[in-house]
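Biologist: Hello! Could you teach me how to read a protein model, one feature at a time?

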Amino acid sequence: SFKGHEKGIPIEYFEWERVFVDEIHECLCTTKDELSEAKKNNSNDKSGFHREKNRRAGREFLGITTKDIARRPLVFRTAIFGLTATPLLDSTNRVIELANLMGNAYVIGLSSHWRRLERESGRDIFLSNFLEPKQSREIRKNIYAKCQDYLDFACCKNKNEEDMEGIELVEEVSAIRMTEDEGELYKSSQSGISPDSKGFGIKAEDFDPTAGHDISRFLRQNARLASRGKKLVQLCKQILEGDEHTKIVVFADGRISAGHAAADFLRNEESLGCTFFDENDSVEEQNKKLAWYQYADVTAEDKKRPRVLVLNFAHAAGLNLQAECNNLILFSPLYIGDGGTTSDPVADASTELQAIGRVFRPGQPKSKVNVYRIHVQGPNGEECLDGQLIRRNTDEETIQMAVNADD
């Protein structure tokens, strides 16, 4: 038996009436060795590495692989529910496995955002390699069709159109031209590209990782452009002029230290400042900072805090910021890849949608949600990387694939 003052009591010790497990799509990463290895692989300390990747996977916690319900980790009397807004539909086994075990409550929304993590699973790699040679395209097509029929019958799709009635999403591309000096830095950062090919019109796919091209230097320089920081400060001031008590969320790509760049631009502006997760912040400290932007200001101390929260895209899933925030800024368009054909436009668009979904979601009290995309152009208005990626990430077909609309 346990005493009342004892902490860390395993929840498996109790018998529950009903169990709700949120974010069941989370990948399993339980050991300190795994976490240390992930940290080591990210040699850049400012890469936006997120400690919360050490979450336990909900599906394993529910005992999915244990057919005997009595032997599963959590004992329940009435029902057990698993909730997710990002299911993984990349394998029929995963779909059937999840749908069967979610107690008839299976919430479906964005999916592509987490597919990359799921593909890294050793189990899925094994199944893919084992089954692929033996299945024709026609067989796979029929399997997926039957799988979808099963989902349509067995699962409850999360449709929140009614909850969002009367709330308008307004997206604005806010352009600014870089200076001549910035233009030279922009071109010189195109590492590995021949001098004749360097220019404002260069594309991410022009970088060939097999030829030793380093796109990361180019992406970092693009994120650190002073003109981008100037536009960020202008937008924040413009928003706060309309409502000095409102709160603003800024999303940036932590992989290229864009979050640090955005935070530095804002902190250098005396009248603004910002809240940003420091590298040594514990999960408890991070949650405390998030709470400042989730709940209304009550005390005078609350009202003195910065109005701007800067987050990396790694934090884009699972946060509820809609109660206090209806203005969101995308510091730079998202590109995950090393150049050539290594990028995944659907995954990038899905991640940006996840970020927008932190404020454009049920529970938003304002009638309008504003999303600003910063678009840096060349000194004479030339289209640069920003313009290419914004067009790619907002393409209607790409977005349809990202949201799995009406699957």
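Biologist: Let me start with one side chain: is Arg391 buried, partly exposed or exposed?

Modeller: Buried means under 20% relative accessible area, exposed means over 50%, and partly exposed lies in between, using a 1.4 Å probe and protein chains only. Arg391 has 48% relative accessibility, so Arg391 counts as partly exposed. Please keep in mind that this is a predicted model, where local features need pLDDT of at least 70, side-chain atom pairs count only at pLDDT 80 or more, and totals for chains, interfaces and linings use all residues. Residues are numbered from 1 along each chain as its sequence is written, and side-chain values use heavy atoms, leaving out hydrogens and water.

Biologist: Which residue forms a salt bridge with Arg391?

Modeller: A salt bridge is a side-chain nitrogen of Lys or Arg within 4 Å of a carboxyl oxygen of Asp or Glu. For Arg391 the partner is Glu383, with the closest N and O atoms 2.6 Å apart. Glu383 is partly exposed too, at 37% relative accessibility.

Biologist: How many salt bridges does the structure hold?

Modeller: There are 15. Arg305 takes part in one with Asp302, at 2.5 Å between the closest N and O atoms, and in one with Glu301, at 3.9 Å from N to O. Arg305 and Asp302 are both buried, whereas Glu301 is exposed, with 56% relative accessibility. Elsewhere, a network of salt bridges links Lys247, Asp297, Arg307 and Glu324.

Biologist: How many residues of helix 14 are buried?

Modeller: Helices (H or I, at least four residues) and strands (E, at least two) are DSSP runs, numbered from the N terminus. Helix 14 spans residues 385-393, and 8 of its 9 residues are buried. Among them are Leu385, Leu389 and Ile390.

Biologist: Why does Cys236 have no disulfide with Cys274?

Modeller: A disulfide is a covalent bond between the sulfur atoms of two cysteines; here the cut-off is a pair of cysteine sulfur atoms within 2.5 Å. Cys274 holds the closest cysteine sulfur to that of Cys236, but at 9.0 Å this is too far for a bond. The structure holds 0 disulfides. Cys236 is buried, at 0% relative accessible area.

Biologist: What is the mean pLDDT of the protein?

Modeller: pLDDT is the predictor's confidence in each residue, from 0 to 100. The mean is 77, and 68% of the residues reach 70 or more. Among the elements, strand 10 (residues 368-377) has the highest mean, 95, and strand 3 (residues 107-108) the lowest, 38. Where pLDDT is low, the predicted coordinates should not be read in detail.
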